[in-house]
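Trainee: Before I learn the terms for this model by heart, could we go through some of them together, and could you show me how each one is justified?

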Amino acid sequence: MKQRNGQSLQAWKVTSSGRMEAMSGGGCITLFGLPFLAAGIFVTLTALGVVKPQNANQIKGWAHLLFFLMGLVFTAVGAGLSFGRKWTIIDKVRGEILESWGLFVPMKSRRHTLAPYASVSLRLQRGDSDSPDTYPVEMVPGDGGKTLVLESPSDYAAAFARAEAVADFLGFPLVDRSGGREAVYHPEDRRSSFKERSEAEGAGPYRATRPPEIRSRVEREGRAVRIVIPGPGFRVTMVLSLAVPLLIAAWISGGLLEFFEKTKTPDFVQLFFFGFMALFLGLIPLLRFFKNLVRAARNHTLVTADRNGIAISETDAWKTKTTEISVKDILSLDAPEPEKAFAPQALARDADGRPRPFTGEPPGWLKSLAKLVRSKGVVVRSRKGLFAFGEGLPAAELAYLRSLVVAALKE
């Protein structure tokens, strides 16, 4: 079974002709929960007097109650993380979806009728500073009612593989709303090649003309296309990142010298303080500035596309990282437009938290605001994950580059 970023790409198993099931929990979550469980048991035993610390006589009666409650909370959280499991069973014969929760064995269950659902959906759920982005796999009713979340992997490749497994089992279309334009994969064409899917769609969203001015350099080698996308280049903020720390160091140094003279501070103490300032306000900003200069001179992205797939080589200050995506794994190429991503209709969400699709013309003020937003580039959706190139380029140039890559893939 393939693994990606610690997650199984295929968690669902067909146990019989009409039954499919998956179990979540355990693994790394168990290791994360064990410290909580151990701490909870220790605190609980201390509160009950089984474990006696050296200052046991000084602990008040109310403290024992507080420790006991804290111990129960930590034990419950630790047990849930370490031993908690969720079982999901899709039974076509009975026409139901059974969800069960418990510690090692099912302890609580909930049944859902399979009849209302007509498709399987995959979308992006943005995380925050404390949680990663996730890709909920949902059962979507045909009447647009409330969706049922089956699971929420944090890796796109794992989420797509699991959503596809459920869709194949039920014979439902798979709707990918994870980014860019909405992509619908019907049962009859889900296994078709990228060329076959793009030809079925027609020129449509992949047709674009060359803008009057573009930053990228396009080269053709037979049926292949090479696109060299330059980096952002030199920016004034690079100078500020060096100048600001140096000015702060100069301002602090004068006051420190005067303070050291008045207090007759020993020389080794003075050397320590000025050495600390030289390191963090001088040497480190200088090295960072030098690295930014090298990055500004060397940073670029090389995209090579032919009938076999796409290779994306990103050159930074010191190294080059190359990602190869086989054409058989490519699902679609999209170039999201910032003004549509920030349109009022797109910002609004339905009762299930899904963004509403935007089809109208964005207002003028929104187009102006969207110019300040850095574009996400051309997003390559594949069975191996999400990849992007051309971040920050204008929408017209991205559409043109996307059309070149699609044409090369279809050769």
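Mentor: Let us begin with charged side chains: Arg217, Glu219, Glu221 and Arg226 are linked in a network of salt bridges. Please keep in mind throughout that this is a predicted model.

Trainee: What makes the pair Arg226 and Glu219 a salt bridge?

Mentor: The closest N and O atoms of Arg226 and Glu219 are 3.2 Å apart, and the term asks for a side-chain nitrogen of Lys or Arg within 4 Å of a carboxyl oxygen of Asp or Glu, so the pair of Arg226 and Glu219 qualifies.

Trainee: Why are Arg226 and Glu219 called partly exposed?

Mentor: Arg226 has 22% relative accessibility and Glu219 has 26%. Buried means under 20% and exposed means over 50%, so values in between are called partly exposed, and that is the class of both Arg226 and Glu219.

Trainee: How do you know that strand 13 and strand 14 pair?

Mentor: Strand 13 (residues 217-221) and strand 14 are joined over five bridges in the antiparallel sense, and pairing requires at least two bridges, so the term is justified for strand 13 and strand 14. One of the details is that Glu219 has Arg226 in strand 14 as its bridge partner. The hairpin of these strands has two residues between them, and there Gly222 takes a positive phi near 65°.

Trainee: Which strand pairs with strand 14 over six bridges?

Mentor: That is strand 15 (residues 300-306), and the pairing with strand 14 is again in the antiparallel sense. Within strand 15, Leu302 stands opposite Val228.

Trainee: What makes strand 14 mostly covered?

Mentor: Strand 14 spans residues 224-230, and five of its seven residues are buried. For the protein chain of 411 residues, 41% count as buried.

Trainee: How many salt bridges does a search of the whole structure find?

Mentor: The search finds 17 salt bridges. Among them is the one in which the side chains of Glu99 and Arg110 meet, at 3.3 Å from N to O. Glu99 belongs to strand 6 (residues 96-103) and Arg110 to strand 7 (residues 108-113), so this pair ties together parts that are 11 residues apart in sequence.

Trainee: Is Glu99 buried or exposed?

Mentor: Glu99 is buried, because its relative accessible area is 2% and the cut-off for that word is under 20%. Its partner Arg110, by contrast, is partly exposed at 44%.

Trainee: Where does Lys264 lie, and why is Lys264 called exposed?

Mentor: Lys264 is placed in the loop between helix 5 (236-263) and helix 6 (267-298). Lys264 counts as exposed because its relative accessibility is 73%, and the word applies over 50%. Another feature is that Lys264 has a positive phi of about 50° although it is not a glycine. Most residues other than glycine have a negative phi.

Trainee: Why does Ser253 count as buried?

Mentor: Ser253, whose place is in helix 5, has 18% relative accessibility, and buried means under 20%, so Ser253 falls in that class. Leaving aside residues up to four places away in sequence, Ser253 touches Phe274 and Met277.

Trainee: What makes Val77 suitable for a nonpolar surface patch?

Mentor: Val77 is found in helix 2 (residues 61-83), and its relative accessible area is 38%. Patch residues need over 30% and no salt bridge, and Val is one of the nonpolar side chains that count, so the area of Val77 passes that cut-off. Trp62, Leu66, Met70, Val73, Phe74 and Val77 make this patch of about 580 Å².

Trainee: How confident is the predictor, and what is the mean pLDDT of the protein chain?

Mentor: The mean pLDDT is 82, and 83% of the residues reach 70 or more. Some stretches have low values, including residues 351-355, where the pLDDT is below 50 and the model has 17 contacts beyond near neighbours in sequence. Over residues 342-349 the pLDDT stays under 50, and the model has 21 contacts beyond four places in sequence for them. Since pLDDT is the predictor's confidence in each residue, on a scale from 0 to 100, both stretches should be read with those values in mind.

Key: Residues are numbered from 1 along each chain as its sequence is written. This is a predicted model: local features need pLDDT of at least 70, side-chain atom pairs count only at pLDDT 80 or more; totals for chains, interfaces and linings use all residues. Side-chain values use heavy atoms; hydrogens and water are left out. Patches are made of residues with over 30% relative accessible area and no salt bridge: like charges are joined within 9 Å, nonpolar side chains (Val, Leu, Ile, Met, Phe, Trp, Tyr) within 5 Å. Accessible areas come from the Shrake-Rupley method with a 1.4 Å probe; for residues, only the protein chains shown count as cover. Helices (H or I, at least four residues) and strands (E, at least two) are DSSP runs, numbered from the N terminus. Buried means under 20% relative accessible area, exposed over 50%, partly exposed in between (1.4 Å probe, protein chains only). Contact means heavy atoms within 4.5 Å.
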